[in-house]
Amino acid sequence: MEYFDIVKETGEPTGEIVSRDIAHRDGILHRTAHVWVIRECDGEVQILLQKRSMDKDSFPGMYDTSSAGHIPAGDEPLPSAQRELAEELGINAESEQLEYIGTFRIQYEKEFHGSLFRDNEISWVYVYREPVDIAQLTLQASEVEEVRWFALDEVCEEIRHSRARFCVPSGSLRLLQEWL
């Protein structure tokens, strides 16, 4: 069973914890860490997106942030970002290789697998710019079906009109665009 710190609007832990199930059932505010793996190719910025496993409790089979995950109770954003990147993609990043670019808020209610899912998160966002050969990545099968490079502009344009393929959070993309 996973447990998260319940946090204030500032992202500061309150000292209380909650299970993952209860946090998403009741929409209790908690923290996540997101990592954008980026590169420049032929003059355009590309982002590595992961296709979520069909077994995920939210947005199964959709393309999402390079790496993202909940911050366990008692943990901090940077080590959580490093752990998620290693677990999901097999990238072992040093602290100095992840550049913090800000936080954003996620809040929605949506039905998945016949159950209502309430997400209420403050997300810490990092960028990883080291060379990545996707053929050499070790994907976590329970989380990630595949990874693919996409032009940042293409993803931003597509999510303005449709959410059929991407579940990338708009707030995180905005942070990345502002940082670039």
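Which exposed residues does helix 3 carry on the face turned away from its buried side? Select D153 and H161 and you have them. Keep in mind as you go that this is a predicted model.

**Stop 1: helix 3**

Stay on helix 3, residues 152-161, and now colour its buried residues: L152, V155, C156 and I159. Turn the view until you look straight down the helix axis; these buried residues fall within an arc of 95°, so they line one face of the helix. The spacing fits a familiar rule: an α-helix has 3.6 residues a turn, so residues three or four places apart point the same way.

Next, bring up what that face leans on. The buried residues of helix 3 pack against strand 4 (44-52), strand 9 (144-151) and helix 4 (170-179).

**Stop 2: the cysteines**

You already have C156 on screen, so check its sulfur. Why is there no bond from C156 to its closest cysteine sulfur? That sulfur belongs to C167 and sits 14 Å away, too far for a bond. C156 itself is buried, at 6% relative accessibility.

Now pick C41. Its closest cysteine sulfur is the one in C156, but the 17 Å between them is too far for a bond. C41 counts as partly exposed, with a relative accessibility of 25%. Searching the whole structure turns up zero disulfides.

**Stop 3: the hairpin and its turn**

From C41, step along to D42, in the loop between strand 3 and strand 4. The two strands make a hairpin with two residues between them. What is the phi of D42? It is near 50°, a positive value in a residue other than glycine. For context, most residues other than glycine have a negative phi. D42 also counts as exposed, its relative accessibility being 81%.

Show the backbone of the hairpin. Strand 3 and strand 4 run antiparallel, joined by four bridges. To see one of the pairings, select R39 and its bridge partner in strand 4, Q46.

**Stop 4: strand 4 and its other partners**

Follow strand 4 onward to Q50. On one side, Q50 stands opposite V147 in strand 9; strand 4 and strand 9 pair in the antiparallel sense over seven bridges. In strand 5 (63-64), the bridge partner of Q50 is D64. That pairing of strand 4 with strand 5 is also antiparallel, over two bridges.

Go just past the end of strand 4 and select S53, in the loop between strand 4 and strand 5. Is S53 buried or exposed? S53 is buried, with a relative accessible area of 4%. Show its surroundings and, leaving aside neighbours within four places in sequence, you will find contacts with P60, G61, A141, S142, E143, V144 and E145.

**Stop 5: two nonpolar cores**

Switch to side chains and select V37, L85, I91, L98 and Y128. These have the most contacts inside the largest nonpolar core, which has 22 residues. Strand 3 (30-41), helix 2 (77-89), strand 8 (115-128) and strand 9 each supply at least two residues of this core. Strand 8 gives the most, with four. As a rule, nonpolar side chains in soluble globular proteins tend to be buried together.

Centre on I91 for a closer look. Apart from neighbours within four places in sequence, I91 is in contact with V37, Q82, L85, A86, Y128, V132 and L137. Then select I38, V127, V155 and L173: they are among the residues of a second, separate core, which has 20 residues. V155 takes you back to the buried residues of helix 3.

**Stop 6: H70**

Finish at H70, in strand 6 (residues 67-70). H70 counts as buried, at 12% relative accessibility. Which side chains make polar contacts with the side chain of H70? Select R20, at 3.2 Å, and E121, at 3.3 Å.

Widen the selection to everything H70 touches, not counting residues up to four places away in sequence: F4, R20, H24, H30, R31, T32, R83, E84 and E121. For one last distance, draw a line from the C-alpha of H70 to that of V7. The two are 63 residues apart in sequence and 13 Å apart in space.

Technical notes
Residues are numbered from 1 along each chain as its sequence is written. This is a predicted model: local features need pLDDT of at least 70, side-chain atom pairs count only at pLDDT 80 or more; totals for chains, interfaces and linings use all residues. Side-chain values use heavy atoms; hydrogens and water are left out. Buried means under 20% relative accessible area, exposed over 50%, partly exposed in between (1.4 Å probe, protein chains only). Contact means heavy atoms within 4.5 Å. A polar contact is a pair of N or O atoms within 3.5 Å; within protein, one must be able to donate a hydrogen and the other to accept it, and residues adjacent in sequence count only if both atoms are side-chain atoms. The arc is that of the directions from the helix axis to the C-beta atoms. A nonpolar core is a set of buried Ala, Val, Leu, Ile, Met, Phe, Trp, Tyr and Cys residues joined through side-chain atoms within 4.5 Å. A disulfide is a pair of cysteine sulfur atoms within 2.5 Å. Two strands pair if DSSP finds at least two bridges between them.
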